[in-house]
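Let's take a walk through this model together, loop by loop and sheet by sheet. Have the viewer open, and we'll stop at a few places along the way.

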Amino acid sequence: MTLDDIQQIAVIGAGLMGHGIAQEFAFAGYQVHLHDVSQAQVDAGMERIRGNLQVFVENDLARPNQIDETLNRIQGSDQLEVVAGEADFVIEAVIENLPLKQEVFRQLDQICPPRTILASNTTAQMPSQIGRFTQRQDKILNTHYFNPPYLIPLVELIRSPQTSDETLQVAYDLMVKIGKTPAVIQKEVPGFVGPRLQAAVIREAFSIVERGIATAEDVDLVVRNSFGRRLSVAGPFQVFELAGWDLVLAAFEELYKDLNSSSEINPLLREMVEGDKLGVKSGEGFYEWTPEKIEEIRDRMNRTLIGRMKDDAKSQ
């Protein structure tokens, strides 16, 4: 199979990630079939896509006529056979539950043609485990998007030991064609690359707060106004190579001894969860979350990401 053989896309799950993934393929010109467990959820996903595209139009990232053109390329159904029966490339985006994902893949293996590539948008599960009950181990991989998928360009492509080079190449070429930035993860490990790096940062951030070194607010302030800005234009290896590894080594000789390297969950994190201080969903975490504050930060994040997309479009 090659990129030219990919004509029909199926997305399983129309929720937080799935609707945005379907949107990107349809916006790029592909015929997309979108599935969820009920027609109401499919319809809700379609409305979110319409809203996303309207924001694109308002920011000159799409023409007004592209809203209906994109939506017309998406057909939704709560019947898995209807959605996946003729698909060439399927992306599963259901909740993070391994038995559920395994069952979806088992059904897809029976429904889809032998040529079909099956991908999962999981954040943490291994592709070899998700597809263990299928008869197409060579045609299975993870395509890990970051939220919101229609604003964040990266997709991690994670292969299992059984994933064929052909499957990986087709997935890579497909992502490039629709405007994504694919990164190939050659070995399946928990968290892949992006989530592992984020986990390391938040582990140290919790340690800093727990030890009374700084408040959560000041930790956020430091990240947002220093290396967070640099990392948006250059990765950690590039940033440190600008400084020189000799200077980095000298600085880290002492610093590494004091960094948190525990494999245990920070007790402060457990206290937050046990105290129902979950963040936005409970209205309280390290911050107090009113509806106005939630809208403010989401709007700020979206405006920043959209601004970056516009800059990228100008540079192409």
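Start in the loop between α13 (267–274) and α14 (291–315), where you'll find Asp-276. Keep in mind that you're looking at a predicted model. The backbone at Asp-276 has a phi near 60 degrees, a positive value in a residue other than glycine. Is the residue buried or exposed? Neither, quite: Asp-276 is partly exposed, because its relative accessible area is 47% and the exposed class begins over 50%.

Now hop to the loop between β8 and α8 (194–210), home to Phe-192. Here again is a non-glycine residue with a positive phi, about 60 degrees. The surroundings are another story: Phe-192 counts as buried, since its relative accessibility is 2%.

One more backbone oddity before we get to the sheet. The peptide bond from Asn-147 to Pro-148 is cis, and its omega sits near -5 degrees. Pro-148 belongs to the loop between β6 and β7.

That loop brings us to the sheet itself. It's an open sheet of eight strands with mixed pairing, and reading across it gives β3-β2-β1-β4-β5-β6-β7-β8. At the edges sit β3 (74–77) and β8 (181–185), each pairing on one side only. Ignoring direction, neighbouring strands are turned by 25 degrees against each other on average.

Zoom in on β7 for the mixed pairing. Toward β6, it is joined by five bridges and the two strands run antiparallel; Thr-143 stands opposite Leu-157 of β7 there. Toward β8, strand β7 (residues 154–159) is again joined by five bridges, but this time the strands run parallel. On that side, Glu-156 has Ala-183 in β8 as its bridge partner. Helix α7 packs on the sheet, touching β1, β4, β5 (117–120), β6, β7 and β8, and its direction makes about 175 degrees with that of β7. As for β7 itself, five of its six residues are buried, so call it mostly covered.

Let's look at α7 by itself. This helix (residues 165–177) has 13 residues and reaches 18 Å from its first C-alpha to its last, close to the 18 Å expected at 1.5 Å a residue. Which of its residues are buried? They are Thr-167, Leu-168, Val-170, Ala-171, Leu-174 and Met-175. These cover an arc of only 165 degrees around the axis, which puts them on the same side of α7. Over on the other side, Asp-165 and Lys-177 are exposed. After the helix comes Gly-179, with a positive phi near 95 degrees.

Helix α2 can be read in a similar spirit. It spans residues 39–58, 20 residues in total, and reaches 29 Å between its first and last C-alpha, close to the 28 Å expected at 1.5 Å a residue. Its buried residues are Val-42, Gly-45, Met-46, Ile-49, Asn-52, Leu-53, Phe-56 and Val-57. Seen down the axis of α2, they fall within an arc of 145 degrees, so they line one face of the helix. An α-helix has 3.6 residues a turn, so residues three or four places apart point the same way. What covers the buried residues of α2 includes α1, β2, α3 (65–72), β3 and α14. On the other side, Ala-40, Glu-47 and Glu-58 are exposed. Asp-60 follows α2, and its phi is positive, near 60 degrees.

What about the nonpolar interior? In soluble globular proteins, nonpolar side chains tend to be buried together. The largest nonpolar core here holds 40 residues, and those touching the most other members are Ile-9, Phe-25, Tyr-30, Val-32, Phe-89 and Tyr-145. Pick Tyr-30: leaving aside residues up to four places away in sequence, its contacts include Leu-3, Ile-9, Phe-25, Arg-73 and Leu-174. There is also a second, separate core of 14 residues, including Ala-10, Ala-84, Ala-87 and Val-104.

Finish at Leu-249, in helix α12 (residues 245–258). Despite being a leucine, Leu-249 is exposed, with a relative accessible area of 51%. Leu-249 is 86 residues from Thr-163 in sequence, and their C-alpha atoms are 38 Å apart in space.

Terms used: Residues are numbered from 1 along each chain as its sequence is written. This is a predicted model: local features need pLDDT of at least 70, side-chain atom pairs count only at pLDDT 80 or more; totals for chains, interfaces and linings use all residues. Side-chain values use heavy atoms; hydrogens and water are left out. Helices (H or I, at least four residues) and strands (E, at least two) are DSSP runs, numbered from the N terminus. The expected span of a helix is 1.5 Å times one less than its number of residues. Buried means under 20% relative accessible area, exposed over 50%, partly exposed in between (1.4 Å probe, protein chains only). The arc is that of the directions from the helix axis to the C-beta atoms. Two strands pair if DSSP finds at least two bridges between them. Axes are lines fitted to C-alpha atoms, for helices over the stretch in contact, and angles run from 0 to 180 degrees between N-to-C directions. Contact means heavy atoms within 4.5 Å. A nonpolar core is a set of buried Ala, Val, Leu, Ile, Met, Phe, Trp, Tyr and Cys residues joined through side-chain atoms within 4.5 Å.
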